[in-house]
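Reader: I would like to go through this model step by step. Please keep the answers short.

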Amino acid sequence: MYTKEEREGILWEFHRSGLSAPAACRSLPLFPNKDNLYACLKLEEAGELTAREMPGRAERMHCSHGEGSLAFAARPRSGSTTLEYGKDSTKKLRRVRTPET
């Protein structure tokens, strides 16, 4: 869950980036998933949010887990590789490519 200030900062960064919503969510630091970004965009269109600069947004994120956490920011992104347990009887870790979205 984001504060109003965080959502406005996210919108400002999104518009400033010039990226599509999916690309922004994949590449900008501490950015929400595309469903949450689309929800912010709908609120902006309805006049309930205004895109405003939030200096130091990454350091000031309200949420300490989930989308605002450092762990979420460091998560594997589309097209990256990650380790997972094998599905065979060896149960060894193997590197797999994250599917493109």
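**Helices, core and one salt bridge**

Author: Ala 24 is buried, at a relative accessible area of 0%; buried means under 20%, exposed over 50%, and partly exposed in between (1.4 Å probe, protein chains only). This is a predicted model, where local features need pLDDT of at least 70, side-chain atom pairs count only at pLDDT 80 or more, and totals for chains, interfaces and linings use all residues. Residues are numbered from 1 along each chain as its sequence is written, and side-chain values use heavy atoms, with hydrogens and water left out.

Reader: Which residues does Ala 24 touch, not counting residues up to four places away in sequence?

Author: Ala 24 sits in helix α2. Helices (H or I, at least four residues) and strands (E, at least two) are DSSP runs, numbered from the N terminus. The C-alpha atoms of Ala 24 and Phe 14 are separated by 6.6 Å, with their positions 10 residues apart along the chain. Contact means heavy atoms within 4.5 Å, and beyond four places in sequence Ala 24 touches Phe 14, Leu 19 and Phe 31.

Reader: In what order do the elements of the protein chain run from the N terminus?

Author: The secondary structure comes to 5 helices and 2 strands. From the N terminus on, the order is α-α-α-α-α-β-β.

Reader: What percentage of the 101 residues in the protein chain is buried?

Author: Contacts first: among those with a separation of 6 or more, residues 24 or more positions apart account for 48%. As for burial, the buried share of the 101 residues is 32%.

Reader: Which elements give two or more residues to the largest nonpolar core?

Author: A nonpolar core is a set of buried Ala, Val, Leu, Ile, Met, Phe, Trp, Tyr and Cys residues joined through side-chain atoms within 4.5 Å. The largest one has 13 residues, and those with the most contacts inside it include Ile 10, Phe 14, Ala 24 and Leu 37. In soluble globular proteins, nonpolar side chains tend to be buried together. The elements giving two or more residues to this core are α1, α2 and α3.

Reader: How far apart are the end C-alpha atoms of α3?

Author: The expected span of a helix is 1.5 Å times one less than its number of residues. For the 12 residues of α3 that should give 16 Å. The model agrees, because the end C-alpha atoms of α3 are apart by 16 Å.

Reader: Why do the buried residues of α3 line one face of the helix?

Author: The buried residues of α3 are Leu 37, Cys 40 and Leu 41. Seen down the axis of α3, they fall within an arc of 100 degrees, so they line one face; the arc is that of the directions from the helix axis to the C-beta atoms. The face turned away from this buried side carries the exposed Asp 35 and Lys 42. The reason for the single face is thus the arc of 100 degrees.

Reader: Against which elements do the buried residues of α3 pack?

Author: Leu 41 is in contact with Leu 11, Phe 14 and His 15, leaving aside neighbours within four places in sequence. Cys 40, buried at 4% relative accessibility, touches Arg 7, Leu 11 and Leu 49 on the same terms. The buried residues of α3 pack against α1 and α2.

Reader: Which residue caps the N-terminal end of α3?

Author: At the other end, α3 is followed by Gly 47, whose phi is positive, near 85 degrees. At the N-terminal end, a side-chain oxygen lies 3.1 Å from the backbone nitrogen of Asp 35. The capping residue that carries this oxygen is Asn 33.

Reader: Which residues of α1 are buried?

Author: The 14 residues of α1 should span 20 Å, and its end C-alpha atoms are 20 Å apart, which agrees. Gly 18 follows α1, with a positive phi near 75 degrees. The buried residues of α1 are Glu 6, Glu 8, Gly 9, Ile 10, Leu 11 and Phe 14.

Reader: With which residue does Arg 52 form a salt bridge?

Author: A salt bridge is a side-chain nitrogen of Lys or Arg within 4 Å of a carboxyl oxygen of Asp or Glu, and by this rule the count is 1. Arg 52 lies in the loop between α3 and α4, and its partner in helix α1 is 44 residues apart. Arg 52 is partly exposed at 46%, whereas the partner is buried at 8%. With closest N and O atoms 3.2 Å apart, that partner is Glu 8.

Conventions:
Polar contact = N/O pair within 3.5 Å; in protein donor to acceptor, adjacent residues only side chain to side chain.
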